[in-house]
Amino acid sequence: YSNSLYQYKKNLTQESLDRHISELLEIVRKSNARNLRVPPGVYAELGFIYTEKGDNVEAIKYFELEKNTYPESAKFMDSLIKSMG
């Protein structure tokens, strides 16, 4: 995960962004397959990416998932969701 983020930040291309999104989604898939919680911040990061892409519906979905998985993030996630509306 940190490698794909580093590569994306180092080389801001659509290809590196797509690889980073794939890596995040793979973390979600593996966590779900093993009945584990997705690590903190993964859903939020996906939400930020979709916000940058202009896909607020998808962004809100991931912000809600972060909030539901980590209730301590609720205030922050709610403020992000509110700012989008």
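How far apart should the ends of α4 be if its 14 residues span 1.5 Å each, and how far apart are the end C-alpha atoms? Keep that in mind while you get your bearings; we'll come back to α4 shortly. One thing before you click: this is a predicted model.

**Start with the whole chain**

Show everything as a cartoon. You should find five helices and zero strands, so to speak a run of α-α-α-α-α from the N terminus on. The radius of gyration is 13 Å, close to the 12 Å that the globule rule gives for 85 residues, so the protein is as compact as a globular protein of that length. Along the principal axes, the C-alpha atoms fill a box of roughly 35 × 30 × 15 Å.

Now switch on the surface. About 5500 Å² is exposed, and carbon and sulfur atoms supply 53% of that area. Buried residues make up 36% of the 85. If you look at contacts with a separation of 6 or more, 37% of them come from residues 24 or more positions apart.

**Select α4, residues 56-69**

Here's the answer to the opening question. At 1.5 Å a residue, the 14 residues of α4 should span 20 Å, and the end C-alpha atoms are 20 Å apart, which agrees.

Colour the buried residues of this helix: A59, Y62, F63, E66, K67 and T69. A bit of helix geometry helps when you look down the axis: an α-helix has 3.6 residues a turn, so residues three or four places apart point the same way. What sits on top of the buried residues of α4? The cover includes α2 (14-33), α3 and α5 (74-84), so bring those three into view as well.

Next, zoom in on T69, which belongs to α4. T69 counts as buried because its relative accessible area is 18%, and the cut-off for buried is under 20%. Setting aside residues up to four places away in sequence, T69 touches R37, V38 and Y43.

**Select the aromatic rings**

Show the side chains of F48 and F63. Which way do the rings of this aromatic pair meet, and at what angle between the planes? They are edge-to-face, 5.5 Å centre to centre, with 75° between the planes. The pair links distant parts of the chain: F48 is in helix α3 (residues 42-52) and F63 is in helix α4, 15 residues apart. The two partners differ in cover: F63 is buried, at 1% relative accessibility, whereas F48 is partly exposed, at 36%.

Add Y43, Y50 and Y62 to the selection. Ring pairs link these three tyrosines into a cluster. In total, the model has three aromatic pairs.

**Move along to α3**

Stay with α3 and colour it by burial. This helix is mostly covered, with eight of its 11 residues buried. The buried ones are V42, Y43, A44, E45, L46, G47, I49 and Y50.

Pick E45 from that set and show H20 too. H20 is in helix α2 and is buried, at 0% relative accessibility. The side chains of H20 and E45 make a polar contact of 2.5 Å.

Just follow the chain out of α3 and you'll reach G54, whose phi is positive, near 85°.

**Finish in the loop between α2 and α3**

Select N35, which lies in this loop. Is N35 buried or exposed? Exposed, with a relative accessible area of 73%. Check the backbone too: phi of N35 is near 55°, a positive value in a residue other than glycine. For context, most residues other than glycine have a negative phi.

Then select P39, found in the same loop, between α2 and α3. P39 is partly exposed, at 35% relative accessible area. Leaving out neighbours within four places in sequence, P39 is in contact with I27, S31 and Y70. As a last stop, put a distance label between the C-alpha atoms of P39 and E66: these residues are 27 apart in sequence and 9.5 Å apart in space. E66 is one of the buried residues of α4, which brings you back to the helix in the opening question.

Notes:
Residues are numbered from 1 along each chain as its sequence is written. This is a predicted model: local features need pLDDT of at least 70, side-chain atom pairs count only at pLDDT 80 or more; totals for chains, interfaces and linings use all residues. Side-chain values use heavy atoms; hydrogens and water are left out. Helices (H or I, at least four residues) and strands (E, at least two) are DSSP runs, numbered from the N terminus. Buried means under 20% relative accessible area, exposed over 50%, partly exposed in between (1.4 Å probe, protein chains only). Contact means heavy atoms within 4.5 Å. Rings of Phe, Tyr and Trp (its six-membered ring) pair if their centres lie within 6.5 Å; planes under 30 degrees apart count as stacked, over 60 as edge-to-face and the rest as tilted. The expected span of a helix is 1.5 Å times one less than its number of residues. A polar contact is a pair of N or O atoms within 3.5 Å; within protein, one must be able to donate a hydrogen and the other to accept it, and residues adjacent in sequence count only if both atoms are side-chain atoms. The radius of gyration is taken over C-alpha atoms; the globule rule is 2.2 Å times the number of residues to the power 0.38. Accessible areas come from the Shrake-Rupley method with a 1.4 Å probe; for residues, only the protein chains shown count as cover.
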